[in-house]
Amino acid sequence: MSAPPLTVLSVSPEEEAAIRAAVQAVNDRVLAGPEHVEGLLALLSDPRVSDPIYDLPRPFTRESIALWVEESRQAKERGERILSVTLDEAGQVAGYSCISVWPDRSAAEIAGAARFDRQNTGRGRGGVDNAAAFMFETLGVRLIGLTAALDNLRSIRAIDGAGFVRMGERESVRPDGTVRRSAYWELTREEWRARREVGGRS
């Protein structure tokens, strides 16, 4: 399971309800469904893709991936998760994105990965920027927390480059109970907007 950011915000019932409604309304991406189970299994069975990610449903089997997809569908109906896939020109799963949302904390986290042949293309920072914009502007959360494995230098560079604030390390617990030390960042909506304004004037 994903873990919410360490910082806890005070959230009104109205704000929580608005965030849940925003998550439920998302329809501008390819949401993971039963038809993507085989493709997700193939994607995540490559350790070069899945090893750095702590909250995936290990071990990877058709059953565990199918359960993850169905649980994610139910979580979206509650306004708490968006699991989507990226398809290549042949219609095969070439990546995934999982946004976990805690409406009662106005907070979110994103995890995801691209197929190995699509990695190291220089799009990491832009992907983090775009994800932050979506979570802050479309979903309406006020805080994002991100983690990365200590040896995942590509993700660390992308997150630093997107302006997230390092908050030290935290322990990330995998679904199988094993623990991974992770670098940890947070970014508030106010910090994000201020950074965009500075960037727009430069």
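**Exercise 1.** Is D46 buried or exposed, judged by its relative accessibility?

*Solution.* The model is predicted, so that local features need pLDDT of at least 70 and side-chain atom pairs count only at pLDDT 80 or more, while totals for chains, interfaces and linings use all residues. Residues are numbered from 1 along each chain as its sequence is written, and side-chain values use heavy atoms, with hydrogens and water left out. Buried stands for under 20% relative accessible area, exposed for over 50%, and partly exposed for what lies in between (1.4 Å probe, protein chains only). With 17% relative accessibility, D46 is buried. Its salt-bridge partner is R48, with the closest N and O atoms 3.0 Å apart, and R48 is partly exposed at 47%.

**Exercise 2.** Find the salt bridge that E15 forms with R142, and state which parts of the chain are tied together.

*Solution.* A salt bridge requires a side-chain nitrogen of Lys or Arg within 4 Å of a carboxyl oxygen of Asp or Glu. The side chains of E15 and R142 satisfy this at 2.7 Å, N to O. E15 belongs to helix 1 (residues 13–25) and R142 to the loop between helix 5 (124–139) and strand 5 (143–149), so the pair ties together parts 127 residues apart in sequence; helices (H or I, at least four residues) and strands (E, at least two) are DSSP runs, numbered from the N terminus. E15 is buried, its relative accessible area being 18%.

**Exercise 3.** Describe the salt bridge between D88 and R115.

*Solution.* Their side chains meet at 2.9 Å, N to O. D88 is buried at 13% relative accessibility, whereas R115 is partly exposed at 24%.
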